[in-house]
Amino acid sequence: MELVKVVGANLRAARAERGLSLSETARRAEIGKGTLSELEAGRRNPTLETLYALATVLDVPLGRLLVAEPESEAAVVVNRASGADLSGQVVDVQLMDRVVAGGQRLEVYRLHVRAGSRYVSAAHRPRVVEQLLVHTGTLVTGPESAPETLGPGDYIRFDGGVDHVYQAPAEDVTATLVMRYADPS
């Protein structure tokens, strides 16, 4: 199933589970009601920023909106062309895997940040930890109040429950991002 259809079905299901109307969900996510309606119908490609806003309002991990199949203990191989890609104005992500273990959910993403750009991500729900390993480029990331500058091979772990930044000052950045949720919803 194509990504727009998967996202649409997952958005509808998450909104129904929370008992929220289309209007209320759109208002809380600060997007247009028509935009949300088109997303849920699978007629509009979502941006990373829009899906993060909706995931926050619906209190679900981003990865829950991106995949249709149930999680499996079988070996998982995600080829570059087969993952759930999501583009934003500054950051692109590709969901590589989702795992629930020990009362936590892990989502593994391939991350690309465009050169000369800066993105401030709003706080995720409480008890979300972000872990990044930089592969190429220089990345300024972490809590917006105290970001760190990382180069290839550098790693950071920080509280995703506060506003945080992704910035590529001079060149494109590639990294692995692991989102760790304290509860497996």
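D59 is partly exposed, with a relative accessible area of 36%, and that makes it a handy place to start looking around this predicted model. The chain has 185 residues, and 45% of them are buried. Its secondary structure adds up to five helices and ten strands. Take the contacts with a separation of 6 or more: 67% of them join residues 24 or more positions apart.

**Two residues with a positive phi**

- Back to D59 for a moment: you'll find it in the loop between α4 and α5 (62-66).
- D59 isn't a glycine, yet its phi is positive, at about 55°.
- E30 also has a positive phi, near 60°, and it too is a residue other than glycine.
- Look for E30 just after α2, in the loop that runs between α2 and α3.
- Is E30 buried or exposed? Its relative accessibility is 74%, so E30 counts as exposed.

**Helix α2 and what covers it**

- Helix α2 spans residues 22-29, and its buried residues are L22, T25, A26 and A29.
- Looking down the axis of α2, you'd see these buried residues fall within an arc of 95°, so they line one face of the helix.
- What covers those residues? Among the elements that do so are α1 (3-18), α3 (33-40) and α4 (48-58).

**E40, a buried residue in α3**

- E40 is part of helix α3.
- With a relative accessibility of 6%, E40 falls under the 20% limit and so counts as buried.
- Leaving aside residues up to four places away in sequence, E40 touches G8, A9, L11, R12, R15 and L22.
- L22, one of those contacts of E40, is also one of the buried residues of α2.
- How far apart are E40 and N10? In sequence they are 30 residues apart, while in space the C-alpha to C-alpha distance is 8.0 Å.

**Strands that pair with β10**

- Strand β10 covers residues 173-181, and it pairs with strand β3 (residues 104-113) in the antiparallel sense over nine bridges.
- To spot one point in that pairing, find L106: its bridge partner in β10 is R180.
- β10 also pairs with strand β5 (residues 128-136), again in the antiparallel sense, this time over eight bridges.
- Here you can look for V128, whose bridge partner in β10 is Y181.

**Strand β4 and its two faces**

- In a regular strand, side chains alternate between the two faces of the sheet.
- Strand β4 (residues 117-121) has S117, Y119 and S121 on its covered face, with R118 and V120 on the uncovered one.
- The antiparallel partner of β4 is strand β9 (residues 164-168), and five bridges link the two.
- Which residue of β9 stands opposite Y119? That's Y166.

**Two cavities**

- The structure holds two cavities of 30 Å³ or more.
- The largest cavity contains about 70 Å³ of space.
- Around the largest cavity you'll find Y52, A55, T56, V60, L62, H124, R125 and Y181.
- Y181 has turned up before: besides lining this cavity, it is the bridge partner of V128.
- Which element gives the most to the lining of the largest cavity? It's α4, with three residues.
- By class, the lining of the largest cavity has five nonpolar residues, two polar ones and one charged one.
- The second largest cavity has a volume of about 30 Å³.
- Its lining is made up of L48, Y52, V91, V93, L111, Y119, Y166 and L177.
- Two elements, α4 and β2 (91-101), give two or more residues to the lining of the second largest cavity.
- In that second lining there are eight nonpolar residues, no polar ones and no charged ones.
- Y52 helps line the largest cavity and the second largest one.
- Y119 and Y166, which stand opposite each other in β4 and β9, both line the second largest cavity.

Key:
Residues numbered from 1 in each chain as written. Predicted model: local features only at pLDDT ≥ 70, side-chain atom pairs only at ≥ 80, totals over all residues. Heavy atoms only, no water. Buried < 20%, exposed > 50% of the residue type's maximum accessible area, 1.4 Å probe, protein only. Helix = DSSP H or I, 4+ residues; strand = E, 2+ residues; numbered from the N terminus. Arc of directions from axis to C-beta. Contact = heavy atoms within 4.5 Å. 1 Å grid on protein atoms, 1.4 Å probe; cavity = no way out; pocket = protein on both sides within 12 Å on 5 of 7 lines; lining within 4 Å. Points joined across faces, edges and corners; volume = space filled by probe spheres on them. Nonpolar A, V, L, I, M, F, W, Y, C, P; charged D, E, K, R; others polar. Pairing = 2+ DSSP bridges.
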